[in-house]
Amino acid sequence: MILGISPEFEAKNEHAAIHQLLDGGMDLFHIRKYHYSDEMLKTYIEKIDEIHRDRLVLHSHFHLAKELGIKRLHCNEKIRRTDLSFSTDGFAFSTSVHSITDFNQLTDEWKYAFLSPVFPSISKKGYGTMQSVFGELGQRENHTIALIALGGIHAENYKNVRMQGADGAALLGSIWQCPQPLNILKKCKEIDRLF
C-alpha cells in the first residue's frame, strides 16, 4: 500500500501532482495542513476531483470531514492519547507511532498506523538521523493493523522496508522533492506486486 502526504507548505503544481498520483494508483492521500484556516482547507480539498474524495485522509479540521465528503481521519499520537472527543461514527481511522512497542499495543479501531522515522527524513532535515525504527520492524507482533513505514522512504530502499515486514509506505519528501513524483509511485507499486 502506497500513501502520499501533502507537503507542509505549498509545493509548485501541488494539485496537478496530487491528481497525477491518485490517477496513477496511489492508495490514499493524507492532507496534513495544520496551519490552514477552515476556508483554506475547504478550498484546497475542493480543488481535488470528487472522484478521489474516498481516498483522502484528514489530519486536522475533523469538524469539516462530513461536509467535505471525507470518511478517513488520521489521529496523531497526541490526539490518540488525549482527545478522541469528536464524533467517530462512520469514519475509518489511522494513527502514528514512533516505536514498535507502541505499534504492537494498538487496538483494532485503527486501520493502519504510520511508524516513523524508518530512515532519516527527506523533508525534515536532521529528523531521524539519531534514531531510526528500521531495526525494530522485525519485532512486529501486531498483524491486525497495517504497518505503514514513514520517513526517508524512496524507490531504492522501499523493497528492504517491505522485506522487513511493513505493509506499505507513506511518501512525503521523495514525491515532493522530485521532478517526476509519478515515477517514484510507479516504482514503489512495482515493488508492492512482489509481496
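## Exercises on a predicted fold

Asn-13 is exposed, at a relative accessible area of 55%. That value, like the others below, comes from a predicted model, so grab the coordinates and work along.

**Exercise 1.** Find where Asn-13 and His-61 sit, and work out what is unusual about their phi angles.

Solution. Start with location: Asn-13 belongs to the loop between strand 1 and helix 1, while His-61 is in the loop between strand 3 and helix 3. Next, the backbone. Most residues other than glycine have a negative phi. Asn-13 has a positive phi near 55°, and phi of His-61 is near 55° too. Finally, check burial: the cut-off for buried is under 20% relative accessible area, so His-61, at 11%, counts as buried, whereas Asn-13 is exposed.

**Exercise 2.** Decide whether helix 1 is largely enclosed or open, and list what its buried residues pack against.

Solution. Count first: seven of the 10 residues of helix 1 are buried, so the rest of the structure largely encloses this helix. Then name them: Glu-14, His-15, Ala-17, Ile-18, His-19, Leu-21 and Leu-22. Their packing partners are strand 2, helix 2, strand 3, helix 7 (173–176) and helix 8. Last, look just past the end of helix 1, where Gly-25 takes a positive phi of about 110°.

**Exercise 3.** Describe how helix 1 and helix 8 are arranged, and sort the residues of their contact by type.

Solution. Step one is the geometry: the axes of helix 1 (residues 14–23) and helix 8 (residues 181–192) come within 9 Å and cross at roughly 25°. Angles under 35 degrees count as roughly parallel, and therefore helix 1 is roughly parallel to helix 8. The crossing is right-handed. Step two is the contact itself: helix 1 supplies Ala-17, Gln-20 and Leu-21, and helix 8 supplies Pro-181, Leu-182 and Leu-185. Sorted by type, that gives five nonpolar residues, one polar and no charged.

**Exercise 4.** Where do the buried residues of helix 2 lie around its axis, and which residues are exposed on the other side?

Solution. Pick out the buried set in helix 2 (residues 38–46): Leu-41, Lys-42, Tyr-44 and Ile-45. They span an arc of only 160° around the axis, so they lie on the same side of helix 2. A handy reminder: an α-helix has 3.6 residues a turn, so residues three or four places apart point the same way. Now flip over: on the other side of helix 2, Glu-39 and Glu-46 are exposed. The buried residues pack against helix 1, strand 2 (28–31), strand 3 (56–58) and helix 3 (65–68).

**Exercise 5.** Work out the surroundings of two buried residues, Gly-4 and Lys-189.

Solution. Gly-4 lies in strand 1 (residues 2–5) and has a relative accessible area of 0%. Skipping residues up to four places away in sequence, Gly-4 touches Met-26, Leu-28, Phe-29, His-30, Leu-171 and Ile-175. Its C-alpha is 9.7 Å from that of Leu-56, 52 residues apart along the chain. Over in helix 8 you'll find Lys-189, buried with a relative accessible area of 18%. Leaving out neighbours within four places in sequence, Lys-189 is in contact with Ile-2, Gly-25 and Asp-27.

**Exercise 6.** Is the peptide bond from Ser-116 to Pro-117 cis or trans?

Solution. Read off omega: near -5°, and the bond is cis. Then place Pro-117, which is in the loop between strand 6 (110–115) and strand 7 (146–150). For context, most peptide bonds are trans.

Definitions and conventions: Residues are numbered from 1 along each chain as its sequence is written. This is a predicted model: local features need pLDDT of at least 70, side-chain atom pairs count only at pLDDT 80 or more; totals for chains, interfaces and linings use all residues. Side-chain values use heavy atoms; hydrogens and water are left out. Axes are lines fitted to C-alpha atoms, for helices over the stretch in contact, and angles run from 0 to 180 degrees between N-to-C directions. Helices (H or I, at least four residues) and strands (E, at least two) are DSSP runs, numbered from the N terminus. Angles under 35 degrees count as roughly parallel, over 145 as roughly antiparallel, 65 to 115 as roughly perpendicular and the rest as oblique. A crossing is left-handed if the near helix is turned anticlockwise from the far one by less than a right angle, and right-handed if clockwise. Contact means heavy atoms within 4.5 Å. Ala, Val, Leu, Ile, Met, Phe, Trp, Tyr, Cys and Pro count as nonpolar, Asp, Glu, Lys and Arg as charged, and the others, Gly among them, as polar. Buried means under 20% relative accessible area, exposed over 50%, partly exposed in between (1.4 Å probe, protein chains only). The arc is that of the directions from the helix axis to the C-beta atoms.
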